[in-house]
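Let's take a walk through this structure together. Have a look at it first, and then we'll go through it piece by piece.

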Amino acid sequence: MIRISMKTDYGLIALKHIASLPEGNLANAKEIATRFNLPPNLLAKILQNLAQSGIIEAYKGSGGGYRMLRNPGDVTLAQVFESIEGPVHMVMCTSNDGCCSIEDRCTVKNGLTSLEDKFYEFFETVTLADV
């Protein structure tokens with residue numbers, strides 16, 4: 001079974017919450033973590049990744065928090081996945097690391113690479129607004 005990671009799940013929950021706020025309102029990590037019962041330290045790291053990738057904007061200091069920097073309809077799930085996880089691969093052999101001991105004899109890598117490409121293309125068509 002193919003699943004998204006808990007980190008990505010938490011990130012999507014946080015993004016949907018931030019996107020639901022009235023324009024100009026900020027959500028802080030502690031409030032999001034409490035509301036959705038998410039681990040606060042992990043959520044803070046996820047939000048930092050999303051801010052670094054330009055999906056949300058971080059405001060520091062007292063009264064700080066996060067707001068959407070981009071329209072949810074312009075943020076694809078592929079962008080969210082990569083912001084949180086880095087390059088996403090179904091199996092390690094399709095990454096540039098090439099860590100498989102039977103890579104030179106493998107009979108499924110080409111098929112898995114093709115399948116991975118199709119998944120990525122699909123996730124490029126689904127936006128945060130669609131979720």
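Start with a pair of helices: α3 and α4, the latter made of residues 77-85, pack at an angle of about 120 degrees, and their axes lie 8 Å apart. That angle makes α3 oblique to α4, since angles over 145 degrees count as roughly antiparallel and those from 65 to 115 as roughly perpendicular. As for handedness, α3 and α4 make a right-handed crossing. Keep in mind as you look around that this is a predicted model.

Which other helix packs against α4? It's α1, again at an angle of about 120 degrees, with 10 Å between the axes of α1 and α4. These two are therefore oblique to each other, and the crossing of α1 and α4 is right-handed. If you wonder about the choice of numbers here, two packed helices are described by the angle between their axes and the distance between the axes.

Now stay with α4 for a moment. Which of its residues are buried? They are Leu-77, Ala-78, Val-80, Phe-81, Ser-83 and Ile-84. Just after α4 comes Gly-86, which takes a positive phi of about 85 degrees. On the other side of the helix, in the loop between β2 and α4, you'll find Val-75. Is Val-75 buried or exposed? With a relative accessible area of 0%, Val-75 is buried, because anything under 20% counts that way. Val-75 also has a partner to look for far along the chain: Ala-129 is 54 residues away in sequence, yet the C-alpha atoms of the two are separated by 8.0 Å.

Time to step back and see the whole chain. It has 5 helices and 2 strands. Reading from the N terminus, the elements run α-α-α-β-β-α-α. The protein chain has 131 residues, and 31% of them count as buried.

Next, let's look for a gap. Rolling a probe the size of a water molecule over the atoms shows where empty space is left. The second largest pocket has a volume of about 180 Å³. Where does its lining come from? Both α1 (6-20) and β2 (65-68) supply at least two residues each. The full lining consists of Ile-18, Ala-19, Leu-21, Pro-22, Glu-23, Gly-24, Asn-25, Arg-67, Met-68 and Pro-72. Sorted by class, that lining has 6 nonpolar, 2 polar and 2 charged residues.

Glu-23, one of the lining residues of this pocket, deserves a second look. Glu-23 sits in the loop between α1 and α2. At 82% relative accessibility, Glu-23 counts as exposed, because the cut-off is over 50%. Arg-67, also part of the lining, is 44 residues from Glu-23 along the chain, and the C-alpha atoms of Glu-23 and Arg-67 are separated by 8.5 Å.

One last stop: the loop between α2 (29-36) and α3 (40-52), where Asn-37 lies. What is the phi of Asn-37? It is positive, at about 55 degrees, although Asn-37 is not a glycine. Asn-37 counts as exposed because its relative accessibility is 69%. And from this loop the chain leads into α3, the helix that packs obliquely against α4, which is where we came in.

Methods
Residues numbered from 1 in each chain as written. Predicted model: local features only at pLDDT ≥ 70, side-chain atom pairs only at ≥ 80, totals over all residues. Heavy atoms only, no water. 1 Å grid on protein atoms, 1.4 Å probe; cavity = no way out; pocket = protein on both sides within 12 Å on 5 of 7 lines; lining within 4 Å. Points joined across faces, edges and corners; volume = space filled by probe spheres on them. Helix = DSSP H or I, 4+ residues; strand = E, 2+ residues; numbered from the N terminus. Nonpolar A, V, L, I, M, F, W, Y, C, P; charged D, E, K, R; others polar. Buried < 20%, exposed > 50% of the residue type's maximum accessible area, 1.4 Å probe, protein only. Axes fitted to C-alpha atoms, helices over the stretch in contact; angles between N-to-C directions. Parallel < 35°, antiparallel > 145°, perpendicular 65-115°, else oblique. Left-handed = near helix turned anticlockwise from the far one by under 90°.
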